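Biologist: I should like to request a close look at a single part of this model, followed by a connected account of what surrounds it in the sequence.

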Amino acid sequence: MGNGKRIVATAAILMLILVTPLAGQEKEALTPLSLALFIERVRAYGSFQEILLQELTLVYDRTLSARTIQLLLAAGASYSLDLDDPEGSIAGGTLSVSGSFPETGTTVSAAWETGRGSALAGGGQTSSLLFRVEQNVLKNAFGSADRLSNLMAGHEMTLARYQILESYEDYLAQIIMLYLDWYTAYENVTAAEFARRDASRLLELTREKQRYGVAATLDLHKSRLQLLSAEEELLDARTAYQSTRRNVARLLGLSADGFEYVPEPVQPPAAALREIEPEQEAFRSHSRTVKILALLTEISGEELALSLDDLLPTATVYASYSLDGGNIFPSTDLSNGVTLGFSLSLPLYDPKAEATVGKNRVTQERTRLSEQNQRDELTVQLENLSARITSEQARLSLADQKLEAARLILEEERRRYEQGRVGLDNLLSAQDSFDAIRRARLKTLTALTGDYIEWRRVTDSLVNEEAELTEDPLAAPTAP
């Protein structure tokens with residue numbers, strides 16, 4: 001080719017380079033939505049509210065489960081009509097108040113009764129007052145079983161609240177992972193648009209080179225195939241992005257058509273491994289998960305103790321004072337006395353109670369073993385997560401360096417191809433290498449961030465006891 005043709009070809013190529021728009025300039029201006037703001041808005045809508053409403057029932061569950069002071073008022077009235085002597089008709093009635101006090105296993109009662117007396121006493125108006133105190137001394141001795149039941153109810157309430165926090169934290173981790181999926185899909189669309197524009201530009205360059213006799217027909221076919229492949233990749237990326245985008249819009253209570261947000265760039269987690277390892281020790285000592293396991297073991301022991309108490313005979317000591325006399329309230333012919341007594345109820349055969357004790361013994365041992373096994377499993381899980389995070393941090397650093405090297409190589413190969421110093425295959429190979437490294441880096445970044453969020457979920461460091469975010473999900477956590 002003559003110098004004139006070469007100069008014209010070079011000028012045409014340079015003109016194409018200068019007028020080709022950068023990827024992203026054609027993209028509509030959308031509002032960036034940060035991860036923190038995304039979480040804040042999701043918390044105000046939908047499933048978060050459903051999870052947190054569970055906590056409102058706990059106070060009622062505690063009252064329903066615990067044994068509390070009970071007061072009972074009973075009253076009755078009657079009228080005894082004497083058909084032979086209407087003036088001898090007498091009104092009668094009863095009034096009683098009783099109270100049970102679980103903390104001591106004591107029952108106190110007071111009663112008043114009036115009505116017609118016996119025929120031996122003249123059949124006139126009589127009344128009596130009775131005060132009685134009963135005390136359990138064997139089964140539920142001095143309220144021991146009731147106090148244990150109340151303690152167990154408190155533990156179950158605490159356990160239920162911890163489990164609600166676990167549900168909350170699990171859901172929080174899920175929506176963070178959805179945000180990461182949204183960000184990954186968005187980045188894939190952006191990269192696919194770059195690739196399509198590059199392929200389109202390459203096809204135009206190849207046509208120009210062919211027009212001036214510096215590119216073969218085979219190069220034109222290769223360039224067209226590259227563009228078709230880029231179009232296909234962009235179609236797949238947009239389909240995946242729209243699917244994720246609809247899920248994000250639903251969580252925010254928005255319609256997909258009115259959703260005008262894009263994710264902000266995700267930065268690698270701020271915590272280094274040296275900051276993670278001390279948190280593992282704190283987790284093993286006093287994390288929410290460890291507390292849940294300990295509570296389950298404690299509750300199983302309390303259930304066993306209660307079932308053993310049910311095997312005891314019911315024994316009660318009591319003391320009562322009575323005052324009897326004439327009139328509606330005792331005022332004439334008074335007589336009074338004190339009664340001391342003891343009652344015993346001994347079950348001779350109760351297979352259900354014995355079976356309950358046996359079952360609770362097995363449950364207690366199984367719970368104890370389960371607690372130890374879960375502690376061991378969590379330790380291994382944390383060690384594996386830490387190892388993965390360490391590896392992914394190193395891989396991300398290498399990926400950044402590789403991506404920069406691949407970018408420089410691609411730019412050089414493009415320049416050499418435009419100058420006619422290398423063939424199209426060299427440029428296509430450099431482009432494929434750059435795209436593969438970019439995808440691998442994005443995959444590593446997503447995996448690192450996802451594993452870090454999983455580590456924070458497992459160590460109960462995403463939310464605090466008030467169901468609030470402890471800090472930025474990608475920041476280094478404080479001790480639980």
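Biologist: What should the 35 residues of helix H6 span, and how far apart are its end C-alpha atoms? Please then continue to the strands that follow in the numbering.

Modeller: The model is a predicted one. Helix H6 covers residues 217-251, and at 1.5 Å a residue its 35 residues should span 51 Å. The expected span is 1.5 Å times one less than the number of residues. The end C-alpha atoms of H6 lie 52 Å apart, which agrees with that expectation. Just after H6, Gly253 adopts a positive phi of about 75 degrees.

Further along the chain is strand E7, residues 314-326, which pairs in the antiparallel sense with strand E5, residues 125-136, over eleven bridges. Within this pairing, Gln135 has Val317 of E7 as its bridge partner. E7 is also joined to strand E8, residues 332-345, by twelve bridges, and these two strands likewise run antiparallel. Here Ala319 is matched with Leu340 in E8. Five residues separate E7 from E8 in the hairpin that they form, and Asn327 in the turn has a positive phi of about 75 degrees.

Val317 also belongs to a nonpolar patch on the surface, together with Leu138, Phe342, Leu344, Leu346, Leu348 and Tyr349. The accessible area of these residues together is about 800 Å². One of them, Leu346, sits in the loop between E8 and helix H9 (351-418). Leu346 has a relative accessible area of 53%; because exposed means over 50%, this residue counts as exposed.

Definitions and conventions: Residues are numbered from 1 along each chain as its sequence is written. This is a predicted model: local features need pLDDT of at least 70, side-chain atom pairs count only at pLDDT 80 or more; totals for chains, interfaces and linings use all residues. Side-chain values use heavy atoms; hydrogens and water are left out. Two strands pair if DSSP finds at least two bridges between them. Helices (H or I, at least four residues) and strands (E, at least two) are DSSP runs, numbered from the N terminus. Patches are made of residues with over 30% relative accessible area and no salt bridge: like charges are joined within 9 Å, nonpolar side chains (Val, Leu, Ile, Met, Phe, Trp, Tyr) within 5 Å. Accessible areas come from the Shrake-Rupley method with a 1.4 Å probe; for residues, only the protein chains shown count as cover. A salt bridge is a side-chain nitrogen of Lys or Arg within 4 Å of a carboxyl oxygen of Asp or Glu. Buried means under 20% relative accessible area, exposed over 50%, partly exposed in between (1.4 Å probe, protein chains only).
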